[in-house]
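Q: I've got a model open and I'd like to learn how to read it. Can you walk me through a few features?

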Amino acid sequence: MYALQFDETRCLHCESQDCLAKCQYIHIGKDGKQPGEMVRIARGEDSFVLHECVTCYACEEYCPMGNHPFYLIVERQEALRISPVPRPLVTRAVNLGIPFRGEPAVKEINGPLLNMAAFSELTHLIQGRLFEDLPVISTDGRKMFHYFCQLMYLHYARSSVIKERLPGIIATIERHKPTEVVCFHDECYGTYASYCPAVGIDVPFTPVHFYEYLYDRLTELKELIKPVGIKVAYQRPCSSRLSPDKHRFVGKIFRLIGAEEVKREFVDENALCCGGTIQGQGREGSRKRAAELQRKNVEDMKKAGAEVCVFNCPACLQTLGGMVAREGIRPVHMSDLCRFAIGETPAGWEVTR
Amino acid sequence: MNAIYQALADIVDAEHVSDRPEELYIYSFDLGTAEPHRPDYVVAPRTTGQVREIVRLANREKVPVVPLGGGLSLAGLAVPLKGGILIDLKRMDRILEVNEKGRYAVLECGVSQGQLTSYLAAHHPGLTHSEPGAPPAATVAGNALIHGQGDLAQPYGFNSDQVNGLEVVLPTGEVCRFGSCAIGASWFTNHPLPDVGLFFGWCGTTGLITKLSIRLYPAKRIRGVGQFVVEDEELVPEIIGRVTGTQMAEDVIAYSRAIPPFGLGLQHFTVNIAANSEKELEFKQELIWDDALGEYIRRGDGGYLGFTRGLEHPQISKTSDYKKGGGFEYVGSIMPIEKYPECYRRGREISERHDIPYTVTGRCVGVGHSMMFAWTYAFNRADPETMRQAREALHETDDLVLELGGVIWKPGTYGQQLILGRLDPGTRALMRRIKEVLDPGGIMNPGNWEGI
Amino acid sequence: MMPLDTYEFNDVIHRCFRCGYCKFPTNWMDVNNCPPYARFRMESYSCGGRLWLTRAWLNETLEWSEHLAEILYSCTTCRNCEVKCPLSFNVDIVNMVVAARSEMIERGKVPPAVRRFLENIDLHGNPYGSARSRRDSWMQGTDIERYEGQEYLYYVGCTGSYDTRAQRSARALATLLGKAGASFGVLGNHENCDGNEVHKLGEAGLFEMLAQDNIERFKALGAKKIVTLSPHAYNAMKNLYPLYGGDFQVFHYTELLYELFKEGKLDVSNGFDARLTYHDPCFLGRWNDGYETPRRLLAAVPSLRLAEMEKSRDAALCCGGGAGNFEIDLLGGGDSSPARRRVRHAAETGATVLAVACPKCLVMLEDALKAEELEEKLAVRDIAEILTEAGGIR
């Protein structure tokens, strides 16, 4: 019933073939051109890409034609039963999103709200003046899978699971009567702003990117900002590739709070995966490949002189946080950095003050 | 004033003796499904001398003596089935010695797992002991006496195998020592004096252990847990064989459970790996995940779930709250590893029949020599029906253990009787003679190993 | 119908498994961090024991006895159990005990010492049974102002007002505040008990009266900001008074002093030349997460060397004085009393001064010091007293 809108004629007219040419994980000739590979995929043929994809989402951003190459890859992987991860991991992941601890208590908000989705345990990251007066939903860890955007299943070649469950999730959120839904995790934002339109799922509320919200609130509280004067590196998450237009808020926030973004190789479009997805694929060599990638990434931050690594996605923070810390770079979630900038003391920051 | 009460108060002190309903009530329970039985007195001694005097008193008065450590066996082993004097040994909680070079610790019997873990971390960070998956309030001595297994069971075996020496108060009140300490040497070895292993597995019916020496092992700087998962339970024994074959792992556990639902029907493995350097860690990881298990990953049958640094030490269990009801009990067994698939399938079936979310765990003991396989049944303490169901499931599982060719671990009275029914007559006769010699008055934890 | 049916936590209380986590401090070093269990070392006195006994009493398996009541009232509501219990009902453990005490009070079945404590507060506004007219004796001979609209209302509390040892800390704080130029006043004989202990003893009705009485008086005087000597009063006023319309800004004195220090108004330049250890009061620490401010204050004092006890912050062992036990004293006597254990911990650090930030801890620990014969080695001092000395005030 929900079908991906993919226009293969656009690929035929595409000069750059950037979707695959720019891929950091599949190497397609030095000239970077492999015309027709995505068309072959669109036509339902097998392709080495379907087997080698590390599911980093980046081709969604690289595509200059407004197509959805990554969503397509996932659809075809599923149709051709090409599993990007071993079977038990798929079973485990599919089961993970099933709520089993009762129904959530739904309160009508009739206004903007913040959705913690499957990160109910992280409410310490939404404290202080930046978040005052913003009602929050999904704060009960036992009920959080009722708010889980499901997009994680793109990593498991299970578009069908997303399409099956997502309308129910949207209905649950809708019962809160939101006008705008600020998404704590930008994977949720990507779901409602990119994936749903791409497959024709109706979203009855306006999704708002977390960073756009933070930026607006910081602007409102501008008189409280004291420039933090810290050299920061930013760990861009895979889900940000679904909303590249919102990525600019990273730089805007840094400038607003006086954080100095260091010059690095692996930044913006060229950002590296935290390694979690690649290791999570659990394939032969995944562990080493992820470790090598992480080494390269952290090395790059270090070389650039970063004092702090700013995270967006809690999963990246969990995967890479310890590693950057061992290299003397402090791992920090963006919201904590913003709180710090307006003179608040997030948990664990006492010493810094 | 009651004469026994007065005598106990004279031996210990009035504050640590009670025959009041509140103490008798609390000490009548096991935390599992066992029916409560009230003791007549509760006493909490501080020294071996006091324990000896209490035991002598019990002999004179012909009243039962029930020793209690952490009280966490869940098998009802310290329920005073025939009343008598319950001796709470937890006040005897001094760590007497830690020998760094000889890697052992001499402890009083009331020292808890958590206390030893914390003490070693603070004062001897290079040493660790094989800590069982029990709450940290479980005692080190009690766990060794019931043949417990810890997180070093895979390389080093049962915790009863870690014992270097014992001080025991016999049922008739004499104090004996075993191991090198018996000839006045330090507590560094249990061998090679004549073997008088009369106390392990006897459920407190042959004496009270007041001190023990336990082996310690190097605690590497990095310790963590790697996880692996398969769908097919038939693969579990060979995977355990491959992982243990690398000799690169500490704890190796396979488990499956219904809650949380993402694991339903899957077989998970946790493999503890320890290393002093990143190089050592990577070397071990490579041997385990890539060389030993790479084949399963290639075939798509097995998935590596990552390595998490840091061990939860002591370990925290939330099993008791599965039914929001403050209770669980499990049947533990010592089982050949090849039986894992059947143990899982049959256990799951029993659980589902009794409407209990299934939880099964197999911890490797020795390098594939055996496993402790446990079937856990949660219940709601406020709902007698769930307790009855759990008790039924437990009894069925006791039967299953023997049917599958395993041995019931720390059996409660039901399991003890099943074992006695199958016990070699010669062995049974010898055990009877030993019991009669050691405990002529039959005062030690009566009701256990009854009718031997 | 049995009493359990109407008990507020009847759907929770059976969930305690008695695994024993609640006996430990955060680092698991011993099982002596639950004050009553540390004192008696019988399972009946452990946190789990209390909950099981409560349930047995409420479901009529066990009859009430004075011993049962003593077991229940020996809990100092220090909240160590809530820090350690890994299960989701842990937030209600102390509430379960308090609710059981309420049941006992409702039936008039409490230990005599508890009854006396509550009656004294009801009649005299303090648990000691001293006259209301003597409440201001701590400030005799000083020029401390009465509260009449100054910025801060300095609430002294019963212990600071009546106990001769605690009076010294109450005066020290007044001196410090004065020297730092803070605008404050006190209520003198018009001060009434804050009710924190009354609440924890389960006497909800009396607590409500006290809270309303205090709130009315504070409001009538136009008080907006309250600074308390005792963390107990601080807890009641900050966390419980808002339920009765008492929306004041409440500070523990260490918070205010630290602010004054940051503003450069608190002079500590004379220093305090000693190795010192700090005991976290339960109602400042575990109840209100106030672990760092007292330490920052102490760290600001030149020459002062802070040595932490093995059990500190959320692992601190309670002095044994909570929930009225500083007066009811169900945990005293014997060398295993929490207070005596605590001063031994302090002595083990090699410190010569044991700093406290609570008048009840001050009194409890100083008494314990005498019993342990540690007076030569160690002195118990309130932070206010230490800062007075560091400020060169005599």
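A: Sure, starting with sheets. Two strands pair if DSSP finds at least two bridges between them, and helices (H or I, at least four residues) and strands (E, at least two) are DSSP runs numbered from the N terminus. This is a predicted model, where local features need pLDDT of at least 70, side-chain atom pairs count only at pLDDT 80 or more, and totals for chains, interfaces and linings use all residues. Residues are numbered from 1 along each chain as its sequence is written, while chains are lettered from A and ligands numbered from 1 in the order in which they are written.

Q: In what order do the four strands of the open sheet in chain C run?

A: Strands of a sheet pair through backbone hydrogen bonds, either parallel or antiparallel. Here the order is β6-β5-β7-β8 of chain C, with parallel pairing. β6 (304-306) and β8 (379-382) of chain C are the edge strands, each pairing on one side only. From one strand to the next, the twist averages 35°.

Q: How many bridges join β5 and β6 of chain C?

A: Three, in the parallel sense, with β5(C) covering residues 274-278. As a spot to click on, C:A274 has C:L304 in β6(C) as its bridge partner.

Q: And helix packing: at what angle do α11 and α12 of chain B cross?

A: Two packed helices are described by the angle between their axes and the distance between the axes. The axes are lines fitted to C-alpha atoms, for helices over the stretch in contact, and angles run from 0 to 180 degrees between N-to-C directions. In chain B, α11 (residues 384-403) and α12 (residues 413-422) cross at roughly 30°, their axes coming within 10 Å. α11(B) and α12(B) are therefore roughly parallel to each other (angles under 35 degrees count as such).

Q: Which residues make that contact?

A: Contact needs C-beta atoms, placed from the backbone, within 7 Å. α11(B) brings B:H395, B:D398, B:D399 and B:L402, and α12(B) brings B:Y414, B:G415, B:L418 and B:R422.

Q: How many residues of chain C are in contact with chain B?

A: 32 residues of chain C, meeting 37 residues of chain B. On the chain C side, α3 (47-58) and α4 (66-73) are the elements giving two or more residues. The largest share, four residues, comes from α3(C).

Note on methods. Angles under 35 degrees count as roughly parallel, over 145 as roughly antiparallel, 65 to 115 as roughly perpendicular and the rest as oblique. Two residues are in contact if their C-beta atoms, placed from the backbone, lie within 7 Å.
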